[in-house]
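Colleague: I've got a model open and a few questions about it. Mind walking me through them?

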Amino acid sequence: MKLDPFYLIVDSAAWVGRLVPLGVKLVQLRIKDKEEAALRAEIRRAKKLCTAHGCQLIVNDYWQLAIEESCDFVHLGQEDLAAADLPAIKRAGLKLGLSTHDHAELKEALAAGPDYVALGPIYPTILKKMKWAPQGQDRIAEWKALVAPLPLVAIGGLNPARLPGVFASGADAAAVVTDITLSSDPEARTREWIEATAPWR
């Protein structure tokens, strides 16, 4: 499986509607702390937008809703992986992405038979408080050797200037949240990312 090298992560269908039409081909919808009806509505709207623009939608955490809404890709963190019904996810035909931060988590992830593995944080990140130190580019190369032939997604503190080193180290996709969503011009920054990742597309 090949992932687009530009992996956008947003927290609402509104962001999907704003940025996906610019040419984004891979987006994760990561929403926290919403009631089920609101979540379902967000997933439905995001899915419709992604279908219209030829973009792959990945639903974070809510694998049951992803199955019910006929989505085709889900991403789970380690805590969500422990609680998820993996056979149900596989039966539904969903592709599966998994987060990892250390060797123990990587072992758990690979045992689950994912379609890609994510490693983070590569650089210091402001998104959430992490108990892990920044992994750095050497860890990307190490992880790629361990997960190949699965795609490896790098996440955490990435920006266009850091992309050449990230991809040279073995990442197949670079995930981004705040470098775009906190930008003074998210649309312009998104276009910059699309152009910066073009050599690996």
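Modeller: Sure. One definition before we start: axes are lines fitted to C-alpha atoms, for helices over the stretch in contact, and angles run from 0 to 180 degrees between N-to-C directions. Also keep in mind that this is a predicted model.

Colleague: Okay, at about what angle does helix H2 run to strand E3?

Modeller: Helix H2 covers residues 36-52 and lies across two strands, E2 (26-29) and E3 (56-60). Taken against E3, the angle of H2 is about 160 degrees.

Colleague: Which residue in E7 is the bridge partner of Ala118?

Modeller: Start with the barrel, a closed one of eight strands running E1-E2-E3-E4-E5-E6-E7-E8 with parallel pairing. In it, E6 (residues 116-119) and E7 (residues 152-155) pair in the parallel sense over three bridges. Ala118's bridge partner in E7 is Val153.

Colleague: How many disulfides are there?

Modeller: A disulfide needs two cysteine sulfur atoms within 2.5 Å. For Cys50, the nearest cysteine sulfur belongs to Cys55 and is 4.0 Å away, so by that cut-off Cys50 is in no disulfide. Cys71 is in none either, as its nearest cysteine sulfur, that of Cys50, is 9.2 Å away. The count comes to zero.

Colleague: And around the axis of H10, what arc do the buried residues cover?

Modeller: H10 (residues 186-197) has twelve residues, and its buried ones are Pro186, Glu187, Thr190, Trp193, Ile194 and Thr197. What covers them includes strand E1 (6-10) and helix H1 (13-19). They sit on the same side of H10, because their arc is only 120 degrees.

Key:
Residues are numbered from 1 along each chain as its sequence is written. This is a predicted model: local features need pLDDT of at least 70, side-chain atom pairs count only at pLDDT 80 or more; totals for chains, interfaces and linings use all residues. Side-chain values use heavy atoms; hydrogens and water are left out. Helices (H or I, at least four residues) and strands (E, at least two) are DSSP runs, numbered from the N terminus. The expected span of a helix is 1.5 Å times one less than its number of residues. Buried means under 20% relative accessible area, exposed over 50%, partly exposed in between (1.4 Å probe, protein chains only). The arc is that of the directions from the helix axis to the C-beta atoms. Contact means heavy atoms within 4.5 Å. Two strands pair if DSSP finds at least two bridges between them.
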